[in-house]
Amino acid sequence: MTFSGRATCPEYWYFRLFECIFYFVIEIIYSISGSIFPWIVFSILMFLPGIAVGMRRLHDTGRSGWWVWLPSASFSVIVVYYVAFLYKLNPSGGHLSPLVFLPIIPFLLCPIATLIFLCQPGTPGNNRFGPPPGNGRG
């Protein structure tokens with residue numbers, strides 16, 4: 001597992017497909033056995049490789065690998081905003097105006113921006129993260 005270098009679109013998306021297939025299998029195991037242990041183990045085992053392939057994919061598009069953390073950071077901000085501010089605005093749990101949720105919209109767009117970056121073709125030739133991966137196609 002390496003965090004440097006570049007990864008092609010197929011490399012990234014086949015990794016995610018593999019991950020989804022195994023999560024599906026683990027969900028079937030969970031529905032049969034009721035044990036959440038395989039899901040927890042697989043999630044822990046896939047965390048760092050998922051970050052690594054995401055960073056390398058972003059490197060291939062010429063962007064910093066730190067963009068891979070944007071969806072997690074935006075989700076954290078949404079949770080903090082909701083817990084800290086919205087609860088104080090209406091602790092009784094009654095109806096809130098939809099305008100209260102307006103500040104959250106930019107943070108909901110962060111995962112979409114990251115997804116767009118991941119789907120873009122790689123930069124042709126060398127970039128600041130190294131030579132093109134594999135046969136040079138992004």
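**A walk through a four-helix chain**

T114 lies in helix α4, which covers residues 105-119. The model in which this residue is seen is a predicted one. T114 has a relative accessibility of 3% and therefore counts as buried, since buried means under 20% relative accessible area. Leaving aside residues up to four places away in sequence, T114 touches W67, L70 and P71.

A second residue of the same helix may be set beside it. L109 is also found in helix α4, but its relative accessible area is 47%, so it is described as partly exposed. The term applies between the 20% limit for buried residues and the 50% limit above which a residue is exposed. The C-alpha atom of L109 is separated by 8.7 Å from that of S74, although these two residues stand 35 residues apart along the chain.

From these single residues, the view may be widened to the whole chain. It has 4 helices and 0 strands, and from the N terminus on its elements run α-α-α-α. Of the 138 residues in the chain, 30% are buried. Among contacts between residues at least 6 apart in sequence, 75% join residues that are at least 24 apart.

The next element to consider is helix α2. This helix spans residues 37-60 and has 24 residues. From its first C-alpha to its last it reaches 35 Å, which is close to the 34 Å expected at 1.5 Å a residue. Where in α2 does a kink lie? A kink of about 35° is placed at M46, shortly before the proline P49. After α2 comes G62, a residue whose phi is positive, near 90°.

Helix α1, which comprises residues 9-33, is the place of I21. With a relative accessible area of 46%, I21 is partly exposed, because this value falls between the limits of 20% and 50%. I21 is also one of the residues that make a nonpolar surface patch of about 1,000 Å². The other members of this patch are Y14, L17, F18, F22, F24, V25, I28, I29 and I32.

The surface of the whole chain completes the description. The chain exposes about 9,000 Å², and carbon and sulfur atoms supply 76% of that area. Returning to helix α4, the reader may now compare two of its residues directly: T114 is buried, whereas L109 is partly exposed.

Key
Residues are numbered from 1 along each chain as its sequence is written. This is a predicted model: local features need pLDDT of at least 70, side-chain atom pairs count only at pLDDT 80 or more; totals for chains, interfaces and linings use all residues. Side-chain values use heavy atoms; hydrogens and water are left out. Helices (H or I, at least four residues) and strands (E, at least two) are DSSP runs, numbered from the N terminus. Buried means under 20% relative accessible area, exposed over 50%, partly exposed in between (1.4 Å probe, protein chains only). Contact means heavy atoms within 4.5 Å. The expected span of a helix is 1.5 Å times one less than its number of residues. The bend at a residue is the angle between axes fitted to the seven residues ending there and the seven starting there. Patches are made of residues with over 30% relative accessible area and no salt bridge: like charges are joined within 9 Å, nonpolar side chains (Val, Leu, Ile, Met, Phe, Trp, Tyr) within 5 Å. Accessible areas come from the Shrake-Rupley method with a 1.4 Å probe; for residues, only the protein chains shown count as cover. A salt bridge is a side-chain nitrogen of Lys or Arg within 4 Å of a carboxyl oxygen of Asp or Glu.
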